[in-house]
Amino acid sequence: MVKRKASQLDTASDTTGLRRSTRRKPAAPDQTTEASKDELTEKGATQPPQPEKTSKKLPHSKAFQDSKKSMKAESAAQPSTASKSETNETTSSSGRSYWLLKAEPESRFENGVDVKFSIDDLASRTEPEPWDGIRNYVARNNLRAMKKGDIAFFYHSNCKEPGIVGTMEIVQEHSPDCKCAPSLLHEFAPYHMPVSAHDPKAPYYDASSKPDNPKWSVVHVKFRSKFSKQIGLKELREMGQPGQPLENMQMLKQSRLSVSRVSASEFEYLMDVVKQRGGET
DNA sequence: GCCAACGTTGGC
DNA sequence: GCCAACGTTGGC
């Protein structure tokens, strides 16, 4: 599978009453407050050029203690965000970066919930969709590096015909994948839908992510286009042969990564291919 | 910090 | 369903 979206439950906010309904733990507002502050400071620490633990977590805080392990994992994961950009330029001259996000268009049940989420599902949304359920540090760090206005490919994975099927836009930068106190909602305005990590009934519930120190993040995305003809995995691999335009593409090198970087030249190349095949809608 | 055991991803 | 290629965990 893919670290995919936890899908419909969030924006649909309703239909799925069953899933959604899950009573949120009343999560002590105060704790949540501190937690999210932590989260906010962490933002600074996880920006690209600093592989280091400029970590703002107070060494004595409980959060710090609890998260030593994950910090290890985080910093281990860091370099991949920063270092490769020489060979594999992510950002275009416009300052916009490009990404690839995977989701599963076919039904599959995770913790009793169908996680199916396709480009058509995204296209039908009327509100920005929180991209949740990411439970891998490299992928998460990529999420956290996304800027408003960045463009991402939508990739269908774990399905009959895997491939890139369209594009979306990042409309809000990362916020915690957790329930946060109403008093904090403004920090993540205008969109923050309390999602999965701390909800035992959610598809990607993570008992190790404590509400007072959320491990995981989401970004909010908006549908941008669907390709007339998708670019299949097989073709991507051909374009990724040595000497070919996609030879350094992260998703081909780390095939299990559900959130990966796409360089400006890779993006442009792929969009040319799309054009030649009937464009996008 | 090493590494074996185990878990996950995702194409086929 | 299989299984390769990872990632995570925990004992030492």
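Q: What does chain A expose, and how is accessible area defined?
A: Accessible areas come from the Shrake-Rupley method with a 1.4 Å probe, and for residues only the protein chains shown count as cover. Chain A exposes about 12,800 Å². Carbon and sulfur atoms supply 53% of that area.

Q: What kind of model is this, and how are residues numbered?
A: This is a predicted model, where local features need pLDDT of at least 70, side-chain atom pairs count only at pLDDT 80 or more, and totals for chains, interfaces and linings use all residues. Residues are numbered from 1 along each chain as its sequence is written, chains are lettered from A and ligands numbered from 1 in the order in which they are written, and side-chain values use heavy atoms, with hydrogens and water left out.

Q: How many helices and strands does chain A have?
A: Both are DSSP runs numbered from the N terminus: helices are H or I, at least four residues, and strands are E, at least two. Chain A has nine helices and eight strands.

Q: What share of chain A counts as buried?
A: Buried means under 20% relative accessible area, exposed over 50%, and partly exposed in between (1.4 Å probe, protein chains only). Of the 281 residues of chain A, 54% count as buried.

Q: Among contacts between residues at least 6 apart in sequence, what share joins residues at least 24 apart?
A: A contact means heavy atoms within 4.5 Å. In chain A the share is 73%.

Q: How many salt bridges are there?
A: A salt bridge is a side-chain nitrogen of Lys or Arg within 4 Å of a carboxyl oxygen of Asp or Glu. By this rule the count is eight.

Q: Which residues does Arg 108 pair with?
A: Arg 108 meets Glu 104 at 2.9 Å, N to O. Arg 108 also meets Glu 110, at 3.0 Å. Arg 108 is buried at 17% relative accessible area. Glu 104 is buried too, at 0%. Glu 110 is partly exposed, at 21%.

Q: Where do Asp 177 and Arg 135 lie, and what does their pairing tie together?
A: In this salt bridge the closest N and O atoms are 2.9 Å apart. Asp 177 sits in the loop between β6 (163-176) and β7 (217-232), and Arg 135 in the loop between β4 (129-131) and α6 (137-145), so the pair ties together parts 42 residues apart in sequence. Asp 177 is buried at 0% relative accessibility. Arg 135 is buried at 15%.

Q: Which residues do shared partners join into one network?
A: Glu 104, Arg 108 and Glu 110 form one network, joined by salt bridges that share partners.
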